[in-house]
Amino acid sequence: MSSPDTASAAPRDPATLATSAPERTDAYWMPFTANRQFKAEPRLLASAEGMYYRSVDGREILDGTAGLWCCNAGHARPQIVAAIQRQAATLDFAPSFQMGHPLPFVLAERLAALAPAPLQHVFYTNSGSESVDTALKIALAYHRVRGEGQRTRLIGREKGYHGVGFGGISVGGLANNRKFFGALLPGVDHLPHTLDLRRNAFSRGLPKHGAELADELERLVALHDASTIAAVIVEPIAGSAGVILPPEGYLQRLREICTKHGILLIFDEVITGFGRVGDCFAAQRFGVVPDMITTAKGLSNGAAPMGAVFVSQAIHEAFMNGPEGAIELFHGYTYSGHPLACAAALATLDVYAEENLFAAAHELGDYWEERIHALQGLPNVIDIRNYGLVGAVELAARPDAPGSRGYEVFKRAFHEQNLMVRCTGDTIALSPPLILNREHIDRIFDRLGATIRATA
Ligand SMILES: Cc1ncc(COP(=O)(O)O)c(C=O)c1O
């Protein structure tokens with residue numbers, strides 16, 4: 001006898017359900033979304049391949065954002081799909097505490113080989129937020145196991161985005177992500193951000209002015225004393241606040257000051273990791289080696305949730321001193337090193353290597369720069385920023401409605417130009433899959449230019 005549920009004529013197969021608009025949208029509380037506005041006019045994606053999404057209404061949407069800075073190898077890559085399918089049928093899940101399975105070990109060796117030399121150890125998470133909170137906890141615990149447990153302060157930066165955990169929003173510097181959530185972590189301070197339109201507007205690549213902003217760390221050291229500071233965390237290139245680039249020499253200066261005072265330096269490379277700026281990591285491209293790197297997104301090409309924290313040999317060794325039977329770090333996630341995520345990541349690394357995708361941002365970076373800067377002079381464009389295959393077009397805010405112009409460009413690009421961009425406030429951010437070619441670049445900027453003109 002069939003239950004009322006199974007007797008229903010409505011399709012039940014998720015693959016079928018995934019390609020048409022849902023009958024009801026009420027129950028799902030969407031993240032970082034104006035829920036009521038969205039549900040009145042949804043933007044729903046049904047499938048994706050290579051450089052394109054297909055919307056549920058059958059339109060081909062050019063992906064200018066690699067999903068959400070995730071799909072660096074493009075969408076639905078057959079190798080990655082097959083790896084996930086095979087793994088799901090072989091070992092769906094294995095506990096990760098005091099147990100294991102082979103893949104996270106194999107993957108960690110591959111990842112360590114890609115990282116800057118001292119960062120030879122990998123701790124798995126499931127997201128960028130978890131990677132950040134993990135790195136902050138490792139920093140605090142590292143000082144404690146070395147007998148410097150008074151180093152409890154964490155330093156972030158204004159306009160920084162480090163995900164949504166309590167650690168991440170505490171060191172982050174975006175007011176909307178912080179102000180609703182109480183007192184946050186104690187003992188956190190912030191460096192000034194490096195966005196300076198007055199001196200650096202329309203810079204090509206790294207801005208010339210602002211390296212001295214790193215010296216603000218000396219001021220914080222003078223205020224708090226180095227002996228109380230555990231770590232500094234920054235994004236080498238800040239993404240979520242609208243693509244903010246490090247001024248020439250800035251990251252080097254931060255490294256020097258951290259080293260001088262025994263403060264750990266953490267680079268949050270959740271968006272810059274895995275080829276976005278022409279090397280596997282921005283640390284390599286900028287020639288600055290941090291003590292930890294947080295990653296997610298491009299690690300598994302977005303095909304399965306996964307994050308990882310890369311940790312230096314010195315930090316790791318500091319934990320490996322107690323009795324052998326003692327758990328060295330009381331931290332981890334049920335899904336750390338999940339079999340499907342590991343399979344996705346291993347296949348992703350193969351695609352990156354076989355197609356030499358990390359070099360793409362080098363090879364196409366000049367053309368990308370030329371085309372994005374050709375938007376200078378369009379209505380309301382007040383700055384254009386680029387590095388590797390990252391771009392941002394900042395629009396003047398409407399005096400009465402900050403953010404509304406950026407949102408309108410984002411929406412019109414999707415509905416009228418079949419182009420996916422991101423808006424953060426009035427900044428349009430771009431981060432395409434690294435598989436794109438010159439024609440895709442032309443299409444992205446032709447469509448974005450038309451949208452900016454239409455929105456004037
Ligand atoms: C620099 C940075 N850190 C952390 C995060 C958080 O990642 P997730 O959304 O996977 O938690 C993001 C997300 O965009 C990010 O850009």
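**Exercise 1. Determine in which sense strand 7 and strand 8 pair, and describe how strand 8 is covered.**

Solution. Strand 7 (residues 229-234) runs parallel to strand 8, and four bridges join them. Strands here are DSSP runs of E with at least two residues, helices are runs of H or I with at least four residues, and both are numbered from the N terminus. Two strands count as paired if DSSP finds at least two bridges between them. The model is a predicted one: local features need pLDDT of at least 70, side-chain atom pairs count only at pLDDT 80 or more, and totals for chains, interfaces and linings use all residues. Residue numbers start from 1 along each chain as its sequence is written.

Within the pair, V234 stands opposite F267 of strand 8. In strand 8 (residues 264-268), five of the five residues are buried. A residue is buried if 20 or more other C-beta atoms lie within 10 Å of its own, exposed if 12 or fewer, and partly exposed in between, with C-beta atoms placed from the backbone. In a regular strand, side chains alternate between the two faces of the sheet. On one side of strand 8 the buried residues are L264, I266 and D268, and on the other they are L265 and F267.

**Exercise 2. Identify the residues that touch the most other members of the largest nonpolar core.**

Solution. A nonpolar core is a set of buried Ala, Val, Leu, Ile, Met, Phe, Trp, Tyr and Cys residues joined through C-beta atoms within 7 Å. The largest such core has 118 residues, and V232 and A344 touch the most other members. Helix 15 (residues 339-354) gives the largest share of this core, 10 residues. At least three residues of this core come from each of domain 1 (4-73 + 357-455) and domain 2 (81-354).

Next, take V232 itself. Two residues are in contact if their C-beta atoms, placed from the backbone, lie within 7 Å. Apart from neighbours within four places in sequence, V232 is in contact with I155, L217, L254, C258, I263, L265 and I266.

**Exercise 3. Describe how domain 1 and domain 2 meet.**

Solution. The chain is divided into domain 1 (4-73 + 357-455) and domain 2 (81-354), with bounds taken from an automatic or database domain assignment. Their C-alpha centres lie 26 Å apart. Domain 1 puts 33 residues into the contact, and domain 2 puts in 29 residues. On the side of domain 1 that touches domain 2, at least two residues come from each of helix 4 (66-69), helix 16 (360-373), strand 11 (381-387), strand 12 (390-395) and strand 15 (427-430). By class, that side of domain 1 has 17 nonpolar, 12 polar and four charged residues. Here Ala, Val, Leu, Ile, Met, Phe, Trp, Tyr, Cys and Pro count as nonpolar, Asp, Glu, Lys and Arg as charged, and the others, Gly among them, as polar.

Strand 11 is largely enclosed by the rest of the structure, because five of its seven residues are buried. Strand 11 pairs with strand 12 in the antiparallel sense over six bridges, and V381 stands opposite L395 in strand 12. Two residues lie between the strands of this hairpin, where G388 takes a positive phi near 50 degrees.

**Exercise 4. State which residues are closest to the ligand.**

Solution. A residue is near a molecule if its C-beta atom, placed from the backbone, lies within 6 Å of it. The ligand is surrounded by 14 residues, the closest being S127, G128, S129, G163 and V270. Helix 7 (residues 128-145) contributes the largest share of this shell, three residues. The shell divides into five nonpolar, seven polar and two charged residues.

**Exercise 5. Locate A66 and K297, and decide whether each is buried or exposed.**

Solution. Most residues other than glycine have a negative phi. A66, however, has a positive phi near 45 degrees. A66 is found in helix 4 and is buried, because 28 other C-beta atoms lie within 10 Å.

K297 has a positive phi near 45 degrees and lies in the loop between strand 9 (292-295) and strand 10 (307-311). K297 also counts as buried, with 28 C-beta neighbours inside 10 Å.
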